[in-house]
Amino acid sequence: LSPDDPLIKDGHPLYELTPWPEEDILPFREIMMKHFDAMSKAATEFVQLACIGIGLDEHNFDKKFVKPTSSLRVMHYPARSQSEAPEKAIAKDGSVLTCNEHCDSGCVTLLATFENEGLQLFLDGKWVNVKLRPHSVVVNIGNLFSLITNGRLKATMHRVVDIGRDRYSAPFFFEPSYHAEVPTSDSYTQMYGPWMINRVTKEFPEYTDAI
């Protein structure tokens with residue numbers, strides 16, 4: 001959103017300006033803005049194609065993303081051995097995890113892995129490595145998008161295992177507008193923003209004062 005948008009000026013929850021770092025040689029802000037725009041366009045097209053694939057109108061969900069609350073993160077996973085990892089970071093199969101198993105709560109995640117291994121999906125009762133494909137992004141379906149499509153698209157259970165060296169990734173989370181009405185259960189619909197804030201503050205109480 002533009003800095004002049006009322007949602008930004010009013011300090012509306014889930015909408016905020018990005019705190020950019022100081023730049024020297026690398027035009028970090030320009031690069032990230034271009035990447036954000038490219039991911040936003042790709043996610044929009046993915047949702048439209050998914051609609052076609054399950055027999056809905058291509059633009060069935062467009063109105064839910066008029067002013068999306070999407071976010072782009074740049075993530076660094078430092079390498080650590082099994083002896084260095086806390087107990088909760090050791091999976092039942094002995095793998096050292098840098099991100100525990102979970103499904104994303106929102107709609108769609110586009111993940112740029114920079115050709116780093118480590119991402120695994122839970123498929124047919126076991127964890128499988130996501131194969132690296134140059135110049136590609138990984139698409140994860142979130143719990144909310146699964147609900148919106150009446151379960152036709154299943155949420156992606158995934159985790160990240162330690163690869164023995166530093167790992168970088170840039171997930172883009174494509175999320176509806178704050179005021180979009182979304183199904184949050186099989187029989188209940190509510191506004192996306194309050195629903196998401198409630199989920200985040202319950203799972204991560206440390207964010208309560210920040211939202």
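## A walk through the chain

Let us begin at Ser 185, which sits in the loop that joins β10 (181-183) to β11 (189-191). Keep in mind along the way that this is a predicted model. Ser 185 has a relative accessibility of 28%, so it counts as partly exposed. Its C-alpha atom is separated by 8.8 Å from that of Leu 144, although the two positions lie 41 residues apart along the chain.

Now step back to take in the whole. The chain contains four helices and eleven strands. Its radius of gyration is 18 Å, close to the 17 Å that the globule rule gives for 211 residues, so the chain is as compact as a globular protein of that length. Along the principal axes, the C-alpha atoms fill a box of roughly 50 × 45 × 35 Å. Of the 211 residues, 35% are buried. Among contacts with a separation of 6 or more, 69% are between residues 24 or more positions apart.

A good element to visit next is the helix α2 (28-53). It has 26 residues and reaches 37 Å from its first C-alpha to its last, close to the 38 Å expected at 1.5 Å a residue. Several residues of α2 are buried, among them Met 32, Met 39, Ala 43, Val 47 and Cys 51. What do the buried residues of α2 pack against? Their partners are β1, β4 (108-112), α3 (143-148) and β9 (167-174). After the helix comes Gly 55, which has a positive phi, near 85°.

Helix α2 also holds a salt bridge, in which the side chains of Glu 30 and Lys 34 meet at 3.2 Å, N to O. An α-helix has 3.6 residues a turn, so residues three or four places apart point the same way. Glu 30 and Lys 34 are four residues apart in α2, and therefore about one helical turn separates them. Glu 30 is partly exposed, because its relative accessibility is 44%, while Lys 34 counts as exposed because its value is 55%.

How many salt bridges does the structure hold? There are three. Side chains of opposite charge can pair when their charged atoms come close. Besides the pair in α2, Lys 67 forms a salt bridge with Asp 5, where the closest N and O atoms are 3.0 Å apart. Lys 67 belongs to the loop between α2 and β1, and Asp 5 to the segment before α1 (6-9), so this pair ties together parts that are 62 residues apart in sequence. Lys 67 is partly exposed at 31% relative accessible area, whereas Asp 5 is buried at 12%.

The remaining pair to look at is Arg 159 with Asp 93, whose side chains meet in a salt bridge at 2.8 Å, N to O. This one links distant parts of the chain: Arg 159 is in strand β8 (residues 158-161), Asp 93 is in the loop between β2 (75-77) and β3 (97-102), and the two are 66 residues apart. Is Arg 159 buried or exposed? With a relative accessibility of 2%, Arg 159 is buried. Asp 93, by contrast, has a relative accessible area of 48% and is partly exposed.

Return now to the loop between α2 and β1 (71-72), where you will also find Thr 69. Thr 69 counts as buried because its relative accessibility is 11%. A polar atom of its side chain lies 2.9 Å from the backbone oxygen of Pro 176. Leaving aside residues up to four places away in sequence, Thr 69 touches Leu 14, Tyr 15, Glu 175, Pro 176, Ser 177, Tyr 178 and Tyr 192.

The last stop is the cysteines. A search of the whole structure turns up zero disulfides. Cys 51 is in no disulfide, and the nearest cysteine sulfur, in Cys 107, is 11 Å away. Why is there no bond from Cys 107 to Cys 51? The sulfur of Cys 51 is the closest cysteine sulfur to that of Cys 107, yet at 11 Å it is too far for a bond. Cys 51 is buried, with a relative accessibility of 1%, and Cys 107 is buried with a relative accessible area of 1%.

Definitions and conventions: Residues are numbered from 1 along each chain as its sequence is written. This is a predicted model: local features need pLDDT of at least 70, side-chain atom pairs count only at pLDDT 80 or more; totals for chains, interfaces and linings use all residues. Side-chain values use heavy atoms; hydrogens and water are left out. Buried means under 20% relative accessible area, exposed over 50%, partly exposed in between (1.4 Å probe, protein chains only). A polar contact is a pair of N or O atoms within 3.5 Å; within protein, one must be able to donate a hydrogen and the other to accept it, and residues adjacent in sequence count only if both atoms are side-chain atoms. Contact means heavy atoms within 4.5 Å. A disulfide is a pair of cysteine sulfur atoms within 2.5 Å. A salt bridge is a side-chain nitrogen of Lys or Arg within 4 Å of a carboxyl oxygen of Asp or Glu. The expected span of a helix is 1.5 Å times one less than its number of residues. The radius of gyration is taken over C-alpha atoms; the globule rule is 2.2 Å times the number of residues to the power 0.38.
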